[in-house]
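Q: Got a minute to go through this model with me? I'd like to start with the strands.

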Amino acid sequence: MDNLNYGVIGNCCTAALISEKGNIEWLCFPNFDSPSIFAALLDREKGGTFGFEVSEDYHTIQSYVPHTNILSTTFVSEQDEFAVVDFMPCYELYDNKEYYRPAEVYRYIHWIKGRPRIKVNYHPASDYARGKAFFNVTSRYIETYSSSNNKDRQYLYSSLPLQGIVDHQEFILEQDEFFLLSYNEKVIPVDIEREKLEYCRTLVYWLNWTDRTRKFTIYNDIIERSLLTLKMMSFYNGAVLASLTTSLPEAVGEVRNWDYRFCWLRDASMSIETLFKIGHADAARKFMKFIQSTFVAEHDTYQIMYGIRGERKLTEVILDHLSGYKNSQPVRIGNDAYHQRQNDSFGYLMDLIYQYYRLMPGTLDEIEDMWEMVKSIMTTVMEDWRKPDKGIWEIRGEGQHFVSSKVMCWVALDRGARIARILNKYENSRRWEEEADAIKADVMRNGWKEEIQSFSHGNLDLDSSLLLMEPYGFIDADDIRYHKTVKAVKKSLLHKGLMYRYNTHDDFGCPSSAFTICTFWLIRALYVIGEKDEARCLFDEILQYSNHLGLFSEDIDFETKEQLGNFPQAYSHLALVNTAVLFAEEDKRLIFK
């Protein structure tokens, strides 16, 4: 199976994708959304890579150090063996709640046996490979920069001879060695003992984080790996990225290639709610602070997405000089979807804010700041819910009236009304409940289509977002209309064990790959309407389509089951966790019956 066989390391500032052969093929410094240093993922020739060359006698085995985001790639031949242990430093400093998260990658070469011969392929191509790379070898490090931006520099430290690395010499491993790639020149000595110390501190950080996660009797390993991945996709300020990459296509050779290194309100709210439910309330607190700093300070119009530091302008630019993943152009940075109206976004956010008020009351000023934001969101929803929008799938053509958008507007008003009751703001609660009732009446009157026995949009098209009517409380699982909608959506969109998000034409033609999260939505829908055996079978089947480390991208090819789209995808992993927890909690009930 041709797959996105990459491991991911990160430290909540940036992340790297490392191939199963040990090559760093995607890395942006110093942050997730910075220009890339290595982007062989998007252009094999120009993009840049950092890996190791060995004879054909070797095969590799890649795995995570258990319960961590530290990656190990072991090179094995009949005579020789060594492992490359990759991590980004991440740990708490001296119990003062400050964290050390430098823009650095440590590559620890652990000698195991024999006399392995290696060459180092160190080919940085900073600034998205827009210029020529220059090398400056000193006694302490290799300094590199690009002709397109000579202020942006990288420093490689190593226990191996630096000139030999640049000259592509062969080295014989007889002991442990190390590399440190840093965005900053180091002001302290860098040696193998320092690397071991950073490894131990980072190991303890991840073990402690995992230890705070709820444990389950089944599917615990895949739940844990997904949560560790979601944590890596969380910027230290609380923002959550939709994905770590840009321009990995939804279908090879097509043009649905987008930059996902930003914080969508919808995706981030769903990710944080998942982390919150599994025991990581701190993630929710940080996200709320990010939301407050982004919204409350501005008192401006709301956007569906923001930069990871709260930036509002995310201008889309095409990088013509890069050939794209498997020659799928264009390669884009930035995302013009920030202009769009997506009325559903506030429903997910308000659902999370309600959990915050219910379970994590903050200080008085935080509660009051949040209340101002709630009122502002309610005003926006009441003004906009009747208007067409671009919906959850971010269509780039004319806006439409989507059932899922109306449903999530109802969720926003329903949760706002509940928050108002918590705060004894009964007039607000009454007004928002009345508007929520008006939305529900509108959807029940205009959304239900007798001729297809399903809820649907005005043109009778079905899409997977209709399955979300139940999880957010808009309709009961035992309502016959929801049963019929689930059956109709399944019949229309389930293909070879995987779900289309929709299978009608949009601005770019007809989607040709499965949207991973939608299969998880169907599994949950089947489960709650009583089709539990079928749901479990579908779930066990889709788990087989992850990559070798249990990671999922945005899309899956129906025929080959190849992973496609940006990787790893927060959407896919949060849905995987929520679905696995369904079965794990049922298993627990059966055990203790």
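Q: How do β13 and β14 pair, parallel or antiparallel?
A: Antiparallel, over 5 bridges, with β13 covering residues 133–137. Keep in mind that this is a predicted model.

Q: What joins β13 to β14?
A: A hairpin, through 4 residues. Across the pair, V137 has I142 of β14 as its bridge partner.

Q: And on to β15, how many residues are in the hairpin from β14?
A: That hairpin runs through 2 residues. β14 and β15 (residues 149–158) pair in the antiparallel sense, over 5 bridges. One place to look is Y145, whose bridge partner in β15 is R153.

Q: How many residues of β14 are buried?
A: 4 of the 5, counting residues 142–146. So β14 is largely enclosed by the rest of the structure.

Q: Let's jump to the other end. In what order do β26, β27 and β28 sit in their sheet?
A: The order is β26-β27-β28, in an open sheet of 3 strands with antiparallel pairing. The edge strands are β26 (514–515) and β28 (563–564), and each pairs on one side only.

Q: How many bridges between β27 and β28?
A: 2 bridges, antiparallel, with β27 at residues 555–556. D555 stands opposite L564 of β28.

Q: Zooming out, how many helices and strands does the chain have?
A: 14 helices and 28 strands. The radius of gyration is 25 Å, close to the 25 Å from the globule rule for 593 residues, so the chain is as compact as a globular protein of that length.

Q: What box do the C-alpha atoms fill?
A: Roughly 75 × 55 × 50 Å, taken along the principal axes.

Q: And what share of the residues is buried?
A: 62% of the 593. The accessible surface comes to about 23,200 Å², and 49% of that belongs to carbon and sulfur atoms.

Q: What about long-range contacts? What percentage join residues at least 24 apart?
A: 65%, among contacts between residues at least 6 apart in sequence.

Q: On to aromatics. How many pairs turn up?
A: A search of the whole structure finds 35 aromatic pairs. One of them is Y219 with F539, set edge-to-face at 5.0 Å centre to centre, with 85 degrees between the planes.

Q: Where do Y219 and F539 lie?
A: Y219 is in the loop between α3 (192–211) and α4 (220–232), while F539 is in helix α13 (residues 532–543). So the pair ties together parts that are 320 residues apart in sequence.

Q: Are those two residues buried or exposed?
A: Both Y219 and F539 are buried.

Q: Which residues do ring pairs link into a cluster?
A: F38, F50, F52, Y122, F135 and F179. F50 also has R107 lying over its face, at 5.0 Å from the ring centre.

Q: And what sits over the ring of Y64?
A: The charged end of R225, 3.8 Å from the ring centre.

Q: New topic: H67. Where is it?
A: In the loop between β6 (59–64) and β7 (71–76). H67 is partly exposed, with a relative accessible area of 38%.

Q: What does H67 touch, leaving out residues up to four places away in sequence?
A: W206, L207, T210, E224 and L228. H67 and W206 are 139 residues apart in sequence, but 6.9 Å apart in space, C-alpha to C-alpha.

Q: Any backbone oddities? Which peptide bond into P330 do we have, cis or trans?
A: The bond from Q329 to P330 is cis, with omega near 5 degrees. P330 is in the loop between β20 (317–318) and β21 (332–333). The bond from F567 to P568 is cis too, with omega near -20 degrees. P568 falls in the loop between β28 and α14 (570–591).

Q: Why flag that sort of thing?
A: Because most peptide bonds are trans, and most residues other than glycine have a negative phi.

Q: So what is phi at C12?
A: Near 70 degrees, a positive value in a residue other than glycine. C12 is in the loop between β1 (6–10) and β2 (15–19). At 1% relative accessibility, C12 counts as buried.

Q: And what about phi of S247?
A: Near 65 degrees, again positive in a residue other than glycine. S247 is in the loop between α4 and β18 (263–264). S247 is buried, with a relative accessible area of 0%.

Definitions and conventions. Residues numbered from 1 in each chain as written. Predicted model: local features only at pLDDT ≥ 70, side-chain atom pairs only at ≥ 80, totals over all residues. Heavy atoms only, no water. Phe/Tyr/Trp six-rings, centres within 6.5 Å; stacked < 30°, edge-to-face > 60°. Buried < 20%, exposed > 50% of the residue type's maximum accessible area, 1.4 Å probe, protein only. Lys NZ or Arg CZ within 6 Å of the ring centre and 35° of its normal. Contact = heavy atoms within 4.5 Å. Rg over C-alpha atoms; globule rule 2.2 N^0.38 Å. Areas by Shrake-Rupley, 256 points an atom, 1.4 Å probe, with all protein chains shown as cover. Pairing = 2+ DSSP bridges.
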